[in-house]
Amino acid sequence: MAQTGISHSHKGSSTGHQNTGTELVSPTGNVGVNVRWTFEVGNITRIHMAIYKMQPAQWAAIGLNLNRSMGPAHVFVCRRLVNDTVDVNRYMNPGKHQHPVPAGIAQGGVFTVEKATFDAGVVICQFTLSNFTTTQMTKTNDVPVLSQSIPYHPLVAVGALNATNSMKEHGSDSFKALPQLVQLNRTEVITYHLESSKVHGKSKFRKALGGVVVM
């Protein structure tokens, strides 16, 4: 039985979900994702993604949207390529089964990559979102611009890459949307499949969370 679980740590809240049936676990079904962010001086949101048990030619993403659906959503994708090169990019998912498209400052805030590495079996992607403007900007593909003060539902998804390193659709056991709300202007911790990934001990888990332990 494949287990799918995601929890969000903010004011002690958490949630989980378990699939039932005889479906086989997909190649991305056991990947574990730990996402945390802090809100720092200068209105900078610093986001850290640690991805466990991620294989070459796979991707993992954190998404933010208003209604717990796949789109429209702001999406940040970390990829591990076949040669173990790691990168992280910003996208928009317009929804209605459309493919995610690259996003930029016109969609809210400046996206700056700080770290993208594969180290000791863990993929690390770290980036900041900053320089948000209060000026109303034009919507693109009907995706409202990203804001640091608007509550969002977080999404986590994992999938494979094709031969040209484009994202294939995530597996049915490699996606979860949370009912809880998060904001970019406060500290947040989101975890997904960390127990099933079984790739780290307690001390490494604490280190990855910066001392915050999520049960």
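# A short tour of a strand-rich chain

The protein chain folds into two helices and 12 strands. What you have in front of you is a predicted model, so please read every value below as computed from that prediction. Here is a quick walk through the overall fold, the one cavity that turned up, and two buried residues, His 74 and Gln 180.

**Overall fold**

- Reading from the N terminus, the order of elements is β-β-β-β-β-β-β-β-β-β-β-β-α-α.
- The chain has 215 residues, and 48% of them count as buried.
- Among contacts in the chain with a separation of 6 or more, 61% are between residues 24 or more positions apart.
- The accessible surface of the chain is about 10,600 Å², and carbon and sulfur atoms contribute 52% of that area.

**The cavity**

- How many cavities of 30 Å³ or more does the whole structure hold? The search finds one.
- The space in the largest cavity comes to about 40 Å³.
- If you would like to find the largest cavity in the viewer, select its lining residues: Val 35, Trp 37, Ile 47, Ile 62, Leu 64 and Phe 76.
- Two strands, β2 (32–40) and β4 (58–65), each give at least two residues to this lining.
- What is the chemical character of the lining? Six of its residues are nonpolar, while none is polar and none is charged.

**His 74**

- You will find His 74 in strand β5, which covers residues 73–80.
- Is His 74 buried or exposed? Its relative accessible area is 2%, and because buried means under 20%, His 74 counts as buried.
- The side chain of His 74 has a polar atom 2.6 Å from the backbone oxygen of Pro 144.

**Gln 180**

- Gln 180 sits outside the strands, in the loop between β11 (175–177) and β12 (188–192).
- Despite that loop position, Gln 180 is buried, because its relative accessible area of 16% is under the 20% cut-off.
- Which residue has its C-alpha atom 6.0 Å from that of Gln 180? The partner is His 153, and the two residues are 27 positions apart along the chain.

**To take away**

- His 74, in strand β5, and Gln 180, in a loop, are both buried, with relative accessible areas of 2% and 16%.
- The lining of the largest cavity is made of six nonpolar residues, including Trp 37 and Phe 76.

Conventions:
Residues numbered from 1 in each chain as written. Predicted model: local features only at pLDDT ≥ 70, side-chain atom pairs only at ≥ 80, totals over all residues. Heavy atoms only, no water. 1 Å grid on protein atoms, 1.4 Å probe; cavity = no way out; pocket = protein on both sides within 12 Å on 5 of 7 lines; lining within 4 Å. Points joined across faces, edges and corners; volume = space filled by probe spheres on them. Helix = DSSP H or I, 4+ residues; strand = E, 2+ residues; numbered from the N terminus. Nonpolar A, V, L, I, M, F, W, Y, C, P; charged D, E, K, R; others polar. Buried < 20%, exposed > 50% of the residue type's maximum accessible area, 1.4 Å probe, protein only. Polar contact = N/O pair within 3.5 Å; in protein donor to acceptor, adjacent residues only side chain to side chain. Contact = heavy atoms within 4.5 Å. Areas by Shrake-Rupley, 256 points an atom, 1.4 Å probe, with all protein chains shown as cover.
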